[in-house]
Each structure stands twice: as structure tokens, then as C-alpha cells.
Amino acid sequence: MGFKCGIVGLPNVGKSTLFNALTQTAAAQAANYPFCTIEPNVGEVAVPDPRLDALAGIAKSAQIIPTRLTFVDIAGLVRGASQGEGLGNQFLSHIREVDAVAYVLRCFDDGDVTHVENRIDPIADAETVETELMLSDLDSLERRLPAIEKKAKQGDKDSKVQADVMQAALAMLREGKPARLVKVSDEQRPVFQQLQLLTSKPVVYVANVDEASALGGNDYTKRVEARAKAEGAAFVIISAKIESELAQLPAAERADFLDTMGLSEPGLNRLIRAGYSLLHLITFFTVGPKEARAWTVHVGARAPQAAGVIHTDFERGFIRAETIAYDDYIACQGEAGARDAGKLRLEGKDYVVRDGDVMHFRFNT
């Protein structure tokens, strides 16, 4: 698993341009008019991780397989989308399938690129997008709640838990706040997630800037950053124009191009890191002569859960995990050296996986 990130925003904020650049495709039509994205576009990118290349070099792996991130580019929302304005609810439904949502906000001035509401105000744009998502959530909950409450009154315990969660979410939404701010217990969390509320998704605010603001931001981005900090959301500055130009260059020329722009890495890398941090994800590795491969798990995952990411049989028949910390694998120049140095550990079912662990699972089928 990697994670799936939905890209949303008003029309003409650079969403599709950013999607094209990040996935290095022209799958999404980028044009200067609303609703040019007729279907949600889906693209996958490899998650860059220099550790994987280092491990593969030591193990002389024949193949390198990074973990992957899926982007879903969703047509521009407009005021009234929750009631069917623009392209309406059909696009809101695609957000239910993602792990996190990137709000792409226009943080640049350009008289040649129209704005659907004839003003440049990224905070107002964010509020428009979020309002439409909240209205859609309200409608969904208000339609579903009466039937659940009826079952709860008849003594169904599961329905009682579900009704409590739905009522808490409704109360939050009616205050004009997103569902992700609802406090739920460990017992309630699976129920809350099953509701698939649009505003329950963690948010990454992506400030799309001009080239001159790519390094340090501008007055617009400062406002967006303050909003993200207040909400506990992630925040990334990206210039879709730079990313688009970068995507068209041969790989060998990209580092020089970034250097001329004063940037140390592509915006994609920063966005991925922000997403991993927001979703509390870490990476572990499996390494051998056939392949070196990166895998993604949640922080706190135990060894059998990590094994299950590779194959359900691995989790079901888990015996132990031979584990080497990344730094030890590199310092000892591989598995044999780590074993000789006493750095290879045999971990059981209660072991909590750490970021960078190199793991080999033993299991019974």
C-alpha cells in the first residue's frame, strides 16, 4: 500500500496542471476554463526514497520496486456543487475513496488566468470547497440517521454506536466545522470511518504559487499556512508551473533545473512527505538478490500486520521477523554483515515496526 490522495479545488487554480506534472502524464486536460476535467483522472507515482536505492546497491538486487502513491484529480468544485451545480455530486463521490484530500489553492496573480469568482483569495477558496463538502456530508447523514435511530431504539447495540457517532458528526457539521474535528473513541473509530464522510479525510493544503514564490512563498501562502497550522492540517508550497516544466525534462537535467530555481527537490517529494506524516505512515523494506522493495504501514503496526501487507498468508501464518535497522544494514554492508555484528534481530508478534526496518518474514502456510 501507499496512499490515495484526492486533488480538489475551484476551477482554474492549477489542479490539473499539478496532476499532470506530478504523474508526468497529460491524462488530465489543463485548460483555462471551468470543468475541463470531464472524468476523475487517476495516476500513480513511485514514492521517491533514496534508502531503497542504497539497499538495492548493497544487495545487488535485480529489480527495485518502490511503494506507490495514487493521485485522483477531481473536477473543479464551485459554489453549489453539493446541490448539483457545475458537475456536482458525481465528483464529490470520488473523494470518498481517498485517504487524504489535497486542497489546491491559487496563491498567484495572473490576469491571463480567470478566476471563477473574479478574485484571488485562497482562504475564501478553501472555505468554498469545504462548505460544499460539509453540505454534502450533512445531506448524507440527515438521510441515513432516522433509520439507524429506529434500529437503535429497538435495542440494536451496533446501531446505537452508529447513531451516536452520526449525531456527533451532525452536530459538528451544523456548527460549520468539518467532520474530521469530531472526537471519537477507539470503539467508535471504525464506525466513523465507515460513514465515508467527505470532511472526515485529513487535509493537505497545497499553495500553488508562481515561480518567484516557489522557495519562500508570499502573502497568500502565509495566510494558508496559518490556517493549516490552526487546524493541524498539512501545508505544502508548490509551483505547478515549475513542476510541469520539470516533468518534461530528461531525468538527467532535472537536478540542474531545480538548482537554477533555488530548489533542492521536486514539489512531489514534499507533498508525499506531508501526506505520510499526516496519515502517520512509515516505510519498511524487503531486500534480496531478486528485488529490493518498499512497503508502507501505519505507525504502530506490528510485525504480523507488516507481513500481511505483502500477503495475507504471511500474516496468518506469522512465526517471526528477521529485522535489521536501515542504518545497521548500510553500516554492515548487508544482511550477512549485520548478522555477524549481532545487528540482525528475531522479532515476534508484538514487535512494532520502525521506519526503515529491513525485514524478512518466517511463516507457516
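**Exercise 1. Determine how many salt bridges the structure holds, and work out what the pair lysine 15 and aspartate 73 ties together.**

Solution. The structure, a predicted model in which local features need pLDDT of at least 70 and side-chain atom pairs count only at pLDDT 80 or more, while totals for chains, interfaces and linings use all residues, holds 20 salt bridges, each being a side-chain nitrogen of Lys or Arg within 4 Å of a carboxyl oxygen of Asp or Glu. Residues are numbered from 1 along each chain as its sequence is written, and side-chain values use heavy atoms, with hydrogens and water left out.

Step one: the side chains of lysine 15 and aspartate 73 meet in a salt bridge at 3.1 Å, N to O. Step two: lysine 15 belongs to helix α1 and aspartate 73 to strand β4, so the pair ties together parts that are 58 residues apart in sequence; helices (H or I, at least four residues) and strands (E, at least two) are DSSP runs numbered from the N terminus. Step three: lysine 15 and aspartate 73 are both buried, where buried means under 20% relative accessible area, exposed over 50%, and partly exposed in between, with a 1.4 Å probe and protein chains only.

**Exercise 2. Describe the salt bridge between aspartate 164 and lysine 160, and classify the accessibility of each residue.**

Solution. Step one: the side chains of these residues, aspartate 164 and lysine 160, meet at 2.8 Å, N to O. Step two: because they are four residues apart in helix α5 (residues 157-174), about one helical turn separates aspartate 164 from lysine 160. Step three: aspartate 164 has a relative accessible area of 29% and is partly exposed, and lysine 160, with 42%, is partly exposed.

**Exercise 3. Establish the strand order of the open six-stranded sheet, and locate its edges.**

Solution. Step one: the order is β2-β4-β1-β5-β6-β7, with mixed pairing, two strands being paired if DSSP finds at least two bridges between them. Step two: the edge strands, each of which pairs on one side only, are β2 (41-46) and β7 (234-238). Step three: strand β1 (residues 3-8) pairs with strand β4 (residues 68-73) in the parallel sense over five bridges, and phenylalanine 3 stands opposite leucine 69 in β4.

**Exercise 4. Identify the residues with the most contacts inside the largest nonpolar core.**

Solution. Step one: a nonpolar core is a set of buried Ala, Val, Leu, Ile, Met, Phe, Trp, Tyr and Cys residues joined through side-chain atoms within 4.5 Å. Step two: the largest such core has 58 residues, and those with the most contacts inside it are Phe71, Tyr103 and Tyr205.
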